[in-house]
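Tutor: Let us read this structure slowly, one question at a time, and reason towards each answer before we state it.

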Amino acid sequence: MSKRALKRQLREGAFDAGQFEGDDKVRRLPLDRGWTPLGHSGGANDDRDQGYLKTIKAKSPGQEQLIKAIDAKNLVMALGPAGTGKTYLAIAKAVEALESGRVGRIVLSRPAVEAGESIGFLPGDAEDKLAPYLRPLYDALSDRLSMKRVRALMAEGAIEIAPVGFMRGRTLNNAFVVIDEAQNCTYVQLKMLLTRLGWHSTMVVTGDPNQSDLLPELSGLGPVATKLEQVGNIAVVRLAEQDIVRHPLVAEMLGVL
């Protein structure tokens, strides 16, 4: 109904609120409806009209194995080539756990190792210089949540992004921890990170042993994963070229490079 018609009815005293039912562009959810971030409330009306979160669906057998491992284990190591969705799935599961209330915060960590280029000349303080290293984590978060929501959660401490060097001495309780680009961590660094795991927490370590920016003998991801495969309560998922979900050329290139 147009504004002019509304004003005329108000003026003539013929206003009937019932006739405007259903005019809203967005149907509001009842306050007592127990919806979840992924839209599964368990009731008859299980759909959500508006939602930024998308349901996580595995696109390969390896990804399905990784998702099941994250659901079942408190410590998961995901190893595989670029484009297999290691980081994306880990952060997606972290957001899912936070929004459903299973954890109280998300902690994302990444080693600040230069990939051949020096960023020491960049202006700003230490936080500004570290921002380029942590940008991939922001990108994955913004794909699962709106940037407004990401900023709000970071402001209240529910999401924390920190380089590996800031993790020593901490105990991460009631948290979902993602260690990204772990192939750029030394054996000692990985041992330190893995032992940060606290009560009611889940940790996912992702990396590609074949793309380390460290000298081959310095990267600790491969040796650590081999040793932890012997521990029954830890899952080590090894993704392969057939799990790559980027452009098909990525898989073809990795097959010859």
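**From one helix to the whole chain**

Student: How far does helix α2 (residues 61-72) reach from its first C-alpha to its last?

Tutor: Helices here are DSSP runs of H or I with at least four residues, strands are runs of E with at least two, and both are numbered from the N terminus. The expected span of a helix is 1.5 Å times one less than its number of residues, and for the 12 residues of α2 it comes to 16 Å. The reach found in the model is close to that expectation, namely 17 Å.

Student: What should I keep in mind about the numbering and the kind of model?

Tutor: This is a predicted model, in which local features need pLDDT of at least 70 and side-chain atom pairs count only at pLDDT 80 or more, while totals for chains, interfaces and linings use all residues. Residues are numbered from 1 along each chain as its sequence is written, and side-chain values use heavy atoms, with hydrogens and water left out.

Student: How many helices and strands does the protein chain have, and in which pattern do they follow along the sequence?

Tutor: The protein chain contains eight helices and six strands. Reading along the sequence, we meet them in the pattern α-α-β-α-β-α-α-β-β-α-β-α-β-α.

Student: What percentage of the residues of the protein chain count as buried?

Tutor: A residue is buried when its relative accessible area is under 20%, exposed when it is over 50%, and partly exposed in between, using a 1.4 Å probe and protein chains only. Applied to the 257 residues of the protein chain, this gives a buried share of 39%.

Student: How many degrees of arc do the buried residues of α2 cover around the axis?

Tutor: The buried residues of α2 are Gly62, Gln63, Leu66, Ile67, Ala69 and Ile70. An α-helix has 3.6 residues a turn, so residues three or four places apart point the same way. The arc is taken from the directions between the helix axis and the C-beta atoms. The buried residues lie on the same side of α2 because their arc is only 160 degrees.

Student: Which elements are included in what covers the buried residues of α2?

Tutor: The face turned away from the buried side of α2 carries the exposed residues Pro61, Lys68, Asp71 and Ala72. On the buried side we look for contacts, meaning heavy atoms within 4.5 Å. The cover found there includes β1 (75-79), α3 (86-100), β4 (175-179), β5 (202-207) and β6 (234-238).

Student: Against which elements do the buried residues of α7 pack?

Tutor: In helix α7 (residues 221-228), the residues Leu221, Val224, Ala225 and Leu228 are buried. They share one side of α7, because their arc around the axis is only 100 degrees. That buried set packs against β1, α6 (187-194), β5 and β6.

Student: Which residues does Tyr138 touch, not counting residues up to four places away in sequence?

Tutor: Tyr138 is found in helix α4 (residues 126-144), and it counts as partly exposed at 23% relative accessibility. Leaving out residues up to four places away in sequence, Tyr138 touches Met154 and Ile161.

Student: How far apart are the closest N and O atoms of Arg110 and Glu181?

Tutor: A salt bridge is a side-chain nitrogen of Lys or Arg within 4 Å of a carboxyl oxygen of Asp or Glu. Arg110 counts as buried at 12% relative accessibility, whereas Glu181 is partly exposed at 24%. Arg110 forms a salt bridge with Glu181, and the closest N and O atoms are separated by 3.4 Å.

Student: Where do Arg170 and Glu160 lie?

Tutor: Arg170 forms a salt bridge with Glu160, with 2.7 Å between the closest N and O atoms. The pair ties together parts that are 10 residues apart in sequence, because Arg170 lies in the loop between β3 (159-163) and β4, and Glu160 in strand β3.

Student: Which residues are linked with Glu96 in a network of salt bridges?

Tutor: Glu96 counts as buried at 17% relative accessibility, while Arg102 is partly exposed at 48%. These two form a salt bridge, with the closest N and O atoms 3.7 Å apart. In the network, Glu96 is linked with Asp71, Lys93 and Arg102.
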